[in-house]
Amino acid sequence: MTHGEENSASKWKALKRRPVVVSANTLVKTDFLHQQQTLPLVIHPAVKRLDLIAWAAQNRELIKTNLVKYGGLLFRNFNVRTAAALEQLIVCLCAELLEYRERSSPRTQISGKIYTSTDYPANQSIFLHNENSYQNTWPMKIFFFCAQAAEQGGETPIADCRKIYARIAPAIRERFIEKGWMYIRNFGDGFGLPWQTVLQTTEKAAVEEHCAKNNITVEWKGNDRLRLRAVRPVIARHPLSGEMVWFNHATFFHVSTLEPSIREALVAEFKEEDLPTNTCYGDGSSIEPEVLDHLRDAYRQETIAFPWQEGDILMLDNMLVAHGRAPYAGVRRIMVGMAEPSSDRGI
């Protein structure tokens, strides 16, 4: 199932490169992709054959400071070509990589804990979201590596969640803050990932144990079918910057965010409570259509997209920046790795 609304990357903001600024560290140069946009900060080598991993090992604090300030860093024109190199960079900056748990997207494991970014069909878009924000624990860092750019499209749109938070009407924010949001996920009805893949186990007792530890309600529906519910906050305070961010899957998981053809097929097939994924307020009441339109518009207003170049590595602070995927044509090979588990919403 793909959450998306716009099928054309042309609707996203066109980006033009700003003049280069030489950083204090003269081994690299930094610039931006657009005069009015500071997401992402682009980092290039200023000398030939600069080893990104070696440079990163010597500049962890610089990278950390800039990541919190800008939300995302794009390492471009470094000689990075393999999943192993991506994994080395993540280990260098963040120590251990994370497994992909409580899955919501089909992915293929490439090597170690490096995965394909998604295996959704190429003609579908994926709405913006913060990785695993519906979980009690999520990765603070997420890395995307372009091994091969698509012939057309295939951007990874991003948006600053601090700015999304600011765009949402105060009355809507307060309603969500008071009530929270609930997700409902159903498995075993013939659509989407099976619960065995999502939870990485075939044992029902292990499912129940995991869910009990993570404040998830379990309902076995018979014939190996499963329904999960959980109530989560919609906001968080970033643990390093102290800034408020819109950090949830309330819009992403809602059935109305699906592309029309998929939404219509699912609504025709399933009762509302049996939809593969859906959301409501934390008290179980429905989120108003106009509120969902407002939330989707807040994401769209802050969305930035740029064409991938082979060898690009995009490092995001997963709490500060949401990401998605544009439809594409041709072969696209984008790898992903996640690191630094956190359960600190700061609220």
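**View 1. Strand 7 meets strand 18 in an antiparallel pair.** In this predicted model, strand 7 (residues 126–129) is joined to strand 18 by 2 bridges. Look for His129 here: across from His129, in strand 18, stands His323.

**View 2. Strand 10 also pairs with strand 18.** Strand 10 covers residues 158–160, and its antiparallel pairing with strand 18 runs over 3 bridges. One spot to pick out is Ala159, whose bridge partner in strand 18 is Ala322.

**View 3. Strand 18 is mostly covered.** This strand spans residues 321–325, and 5 of its 5 residues are buried. The cover comes on both faces: Val321, His323 and Arg325 are buried on one side, while Ala322 and Gly324 are buried on the other. So that we don't lose track of the earlier views: His323 is the residue opposite His129, and Ala322 is the bridge partner of Ala159.

**View 4. Now for an open sheet of 4 strands, in the order 12-13-11-16.** The pairing is antiparallel. At the edges sit strand 12 (217–222) and strand 16 (277–281), each pairing on one side only. On average, neighbouring strands in this sheet are turned by 20° against each other, direction ignored.

**View 5. Zooming in on strand 11 and strand 16, an antiparallel pair.** Strand 11 takes in residues 181–187 and shares 5 bridges with strand 16. Arg185 has Thr277 of strand 16 standing opposite.

**View 6. Two helices against the strands: helix 5 and helix 7.** Helix 5 (residues 170–179) packs on the sheet and touches strand 11, strand 13 (225–232) and strand 16. The directions of helix 5 and strand 16 make an angle of about 100°. Helix 7 (residues 204–213), for its part, lies across strand 12 and strand 13, and runs at about 150° to strand 12.

**View 7. Inside the largest nonpolar core, a set of 65 residues.** Who touches the most other members? That would be Phe144, Ile158, Ile164, Phe176, Trp181, Trp246 and Leu314. Leu314 makes a handy place to centre the view: leaving aside neighbours within four places in sequence, Leu314 is in contact with Pro40, Leu73, Leu74, Ile142, Phe143, Phe144, Ile158, Phe306 and Trp308.

**View 8. A second core, separate from the one above.** This one has 32 residues, including Ala56, Leu97, Met335 and Ala339.

Key: Residues are numbered from 1 along each chain as its sequence is written. This is a predicted model: local features need pLDDT of at least 70, side-chain atom pairs count only at pLDDT 80 or more; totals for chains, interfaces and linings use all residues. Side-chain values use heavy atoms; hydrogens and water are left out. Two strands pair if DSSP finds at least two bridges between them. Axes are lines fitted to C-alpha atoms, for helices over the stretch in contact, and angles run from 0 to 180 degrees between N-to-C directions. Contact means heavy atoms within 4.5 Å. Buried means under 20% relative accessible area, exposed over 50%, partly exposed in between (1.4 Å probe, protein chains only). A nonpolar core is a set of buried Ala, Val, Leu, Ile, Met, Phe, Trp, Tyr and Cys residues joined through side-chain atoms within 4.5 Å.
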